[in-house]
Amino acid sequence: MGEMILKATGLCKDYGKKSVLHNVDFTINKGDIYGLVGKNGAGKTTIMRIITALQVPTKGEVEYGFDRSRLGSVGALVELPSIYSNMSAEENIRFQYLNLGLKADDSIKEILKLVGLDNTGNKHAGKFSLGMRQRLGIAMAMVGDPEVLILDEPINGLDPQGIIGVRDLLIRLNREKGITIIISSHILSELSKLATRFAFIDGGKIIRECSSYDIEHAGEKLMIITSTDADGLSALLNSNGYNTETVSNPDKVTIHGEVDITDVCILSRDNGIKITDLKTVETDLEEFYVEIVGGNHNA
């Protein structure tokens with residue numbers, strides 16, 4: 001386990017008689033890119049509004065592993081970015097410093113360069129593409145050198161080039177600046193290329209948490225072998241060019257990719273290793289999503 005940076009315990013949110021969150025618990029560690037995955041209306045935005053203090057939970061609490069009172073400690077892009085269309089990128093960021101009561105300094109140029117908007121000059125944000133506006137929104141969330149960056153559907157509506165641009169930016173912020181990122185999306189296939197941990201949300205509840213390993217291996221062909229000597233079999237197969245893991249169970253070996261069953265069985269027999277069970281599995285990322293939350297994967 002890593003160092004806790006944010007912990008939610010028993011979060012509930014009611015609007016009158018309507019309950020939209022039900023006892024939501026999760027812990028986010030420093031350096032995570034934590035993906036909130038769920039259909040539109042599942043409760044992702046409400047969770048983000050609570051952890052950014054834009055809303056107060058009906059019950060429950062959020063604990064921070066850093067000084068939350070420091071201005072700019074949490075950067076957020078929740079729903080649409082608050083951008084002034086008649087201002088340049090630099091003017092928008094400078095105005096964000098004023099909003100937070102911070103003194104604008106040379107970090108403005110660093111932020112603009114980081115998000116790839118350092119060459120936009122006096123061009124008004126109203127003339128930016130959607131991808132550029134999203135990157136400007138992220139830049140404004142970066143004001144104050146945040147510990148945590150919270151982004152609600154930042155790739156929604158972007159074209160493929162815009163999605164790649166935002167994704168690459170977030171990976172750089174996480175790896176180079178050490179910023180913990182909480183990001184929501186209803187598109188698992190895109191979030192799977194970015195996040196390190198995932199929480200699947202449906203009906204205001206977290207119904208499953210999983211790692212990037214689980215997601216990475218949710219959309220491929222696998223052969224799962226049960227053996228009396230799983231470690232020995234894994235070492236044998238690896239030495240013969242197979243890609244294996246023994247992470248799911250001590251007596252099971254998982255081979256990734258297309259495999260000739262006959263070759264594996266003969267190799268095992270000739271080296272005195274007994275196979276007691278063997279099965280092939282073909283999974284699909286969209287099926288994985290639907291199995292967890294149900295419904296249309298792009299609902």
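This passage walks through a predicted model, from the whole chain down to single residues. Residues are counted from 1 along each chain as its sequence is written, local features need pLDDT of at least 70, side-chain atom pairs count only at pLDDT 80 or more, and totals for chains, interfaces and linings use all residues. Side-chain values use heavy atoms, with hydrogens and water left out.

To start with the overall picture, the chain holds 10 helices and 13 strands; these are DSSP runs (helices are H or I with at least four residues, strands are E with at least two), numbered from the N terminus. Along the principal axes, the C-alpha atoms fill a box of roughly 75 × 50 × 35 Å. Of the 299 residues, 45% count as buried, where buried means under 20% relative accessible area, exposed means over 50%, and partly exposed is in between (1.4 Å probe, protein chains only). Take the contacts (heavy atoms within 4.5 Å) between residues at least 6 apart in sequence: 69% of them join residues at least 24 apart.

Now for the inside. In soluble globular proteins, nonpolar side chains tend to be buried together. Here the largest nonpolar core has 49 residues, and those touching the most other members are Ile-93, Ile-138, Leu-149, Leu-170, Leu-188, Phe-198 and Phe-200. Such a core is a set of buried Ala, Val, Leu, Ile, Met, Phe, Trp, Tyr and Cys residues joined through side-chain atoms within 4.5 Å. Apart from this one lies another core of 24 residues, with Ile-28, Val-148, Ile-182 and Ile-201 among them. Back in the largest core, Ile-138 has contacts beyond four places in sequence that include Leu-77, Leu-149 and Val-166.

Helix H4 (residues 130-141) is home to Arg-135. Arg-135 is buried yet has no salt bridge, and the nearest side chain of opposite charge, Asp-118, sits 7.4 Å away. For the record, a salt bridge is a side-chain nitrogen of Lys or Arg within 4 Å of a carboxyl oxygen of Asp or Glu; Lys and Arg count as positive, Asp and Glu as negative, while His and the chain ends are not counted. What does a polar atom of the Arg-135 side chain lie 3.4 Å from? The partner is the backbone oxygen of Gly-116. Residues up to four places away aside, Arg-135 touches Val-115, Gly-116, Leu-117, Val-166 and Leu-169. Arg-133 also lies in helix H4, but Arg-133 counts as partly exposed, at 30% relative accessibility.

Helix H9 (residues 261-270) has two sides to look at. Val-264, Leu-267 and Ser-268 are buried there. They cover an arc of only 95° around the axis (taken from the directions from the helix axis to the C-beta atoms), so they share one side of H9. On the other side, Arg-269 and Asp-270 are exposed. At the start of H9, a side-chain oxygen of Asp-260 comes within 3.0 Å of the backbone nitrogen of Thr-262. Just after H9, Gly-272 takes a positive phi of about 70°.

Most residues other than glycine have a negative phi, and most peptide bonds are trans. Asn-23, in strand S2 (residues 18-29), has a positive phi near 50°, and Asn-23 is exposed at 54% relative accessible area. Ala-53 is in the loop between helix H1 (44-51) and strand S4 (59-64); its phi is positive too, about 70°, and Ala-53 counts as exposed at 54% relative accessibility.

Conventions. A polar contact is a pair of N or O atoms within 3.5 Å; within protein, one must be able to donate a hydrogen and the other to accept it, and residues adjacent in sequence count only if both atoms are side-chain atoms.
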